Amino acid sequence: MDVGTAAMGAWSSGISMYFVAAVLGISGRADWIESPEWLMQPWVIGVALALFVVELVVDKIPWLDSAWDAVHTALRPTAGGILFSTSGDGRDAVWMGLAGAGMALSAHLAKASLRALVNLSPEPVSNIVVSLSEDGLVAALMSLAVTYPRAALVVAMTLAGISTVATVVLLRIVRRVWRGWRDRRRERLVHRRAGRAWSG
């Protein structure tokens, strides 16, 4: 697999590994790209598409999406590492795998952090909007990966840097918002107890 296609596939796996697997498998069978044989197997493509449909639904339900992200914390980086290692000549497979896992992890952590922040909002609309935006982003990036691998390599490396910085910033915001939410909940509980004691 071309290194640019593999790099973009690795980063995008941090957001939607099943969609990436399906796109690369179908593209390989259509001879648009060189793809690993195992990824082009009909049953692999079928399972990837089925799980992508499940993810498409789960990813738009508040808090259930965060649980889904938690389950995939190890799976997405592993998928990214495997994909990126296929672009090497075999001797650098370990290092390429680690690099791919790092790119996928940066995307995954940014996604999970953003979802945790969005889930603290009182309405579900923002969650659906963010999910659809992620779906559109991955679709656009994988189109770029298949058609313009060299450009995809530059974009993937840039996104890996951006998502790493975004994760740090988002985690700080989530921590601050969570503390505020927890303190407000504690204050309401204290007031409620005080009201009961007064009325009693």
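Does Val 57 count as buried or exposed, and at what relative accessibility? The points below take up this residue after a word on the model as a whole.

1. The model under discussion is a predicted one, and its protein contains 7 helices and 0 strands, so that reading along the sequence gives the pattern α-α-α-α-α-α-α.

2. Of the 200 residues in the protein, 42% are buried, while the accessible surface amounts to about 11000 Å², with 69% of that area belonging to carbon and sulfur atoms. Among contacts in the protein with a separation of 6 or more, 72% are made by residues that stand 24 or more positions apart.

3. The structure holds 1 aromatic pair, formed by Phe 19 and Phe 52, whose rings are tilted at 40 degrees between the planes and lie 5.0 Å apart, centre to centre. This pair links distant parts of the chain, since Phe 19 belongs to helix α1 (residues 3-29) and Phe 52 to helix α2 (residues 42-58), with their positions 33 residues apart. Both Phe 19 and Phe 52 are buried.

4. Helix α2 also carries Val 57, and here the opening question can be answered: Val 57 counts as exposed because its relative accessibility is 51%, and the cut-off for exposed is over 50%.

5. Val 57 is also one of the residues of a nonpolar patch on the surface, which Leu 56, Val 57, Ile 61 and Leu 64 form with about 300 Å² of accessible area together. Helix α2 therefore holds both Phe 52, which is buried, and Val 57, which counts as exposed at 51% relative accessibility.

Notes:
Residues numbered from 1 in each chain as written. Predicted model: local features only at pLDDT ≥ 70, side-chain atom pairs only at ≥ 80, totals over all residues. Heavy atoms only, no water. Helix = DSSP H or I, 4+ residues; strand = E, 2+ residues; numbered from the N terminus. Buried < 20%, exposed > 50% of the residue type's maximum accessible area, 1.4 Å probe, protein only. Contact = heavy atoms within 4.5 Å. Areas by Shrake-Rupley, 256 points an atom, 1.4 Å probe, with all protein chains shown as cover. Phe/Tyr/Trp six-rings, centres within 6.5 Å; stacked < 30°, edge-to-face > 60°. Patch = residues over 30% accessible without salt bridge, like charges linked within 9 Å, V, L, I, M, F, W, Y side chains within 5 Å. Salt bridge = Lys/Arg side-chain N within 4 Å of Asp/Glu carboxyl O.
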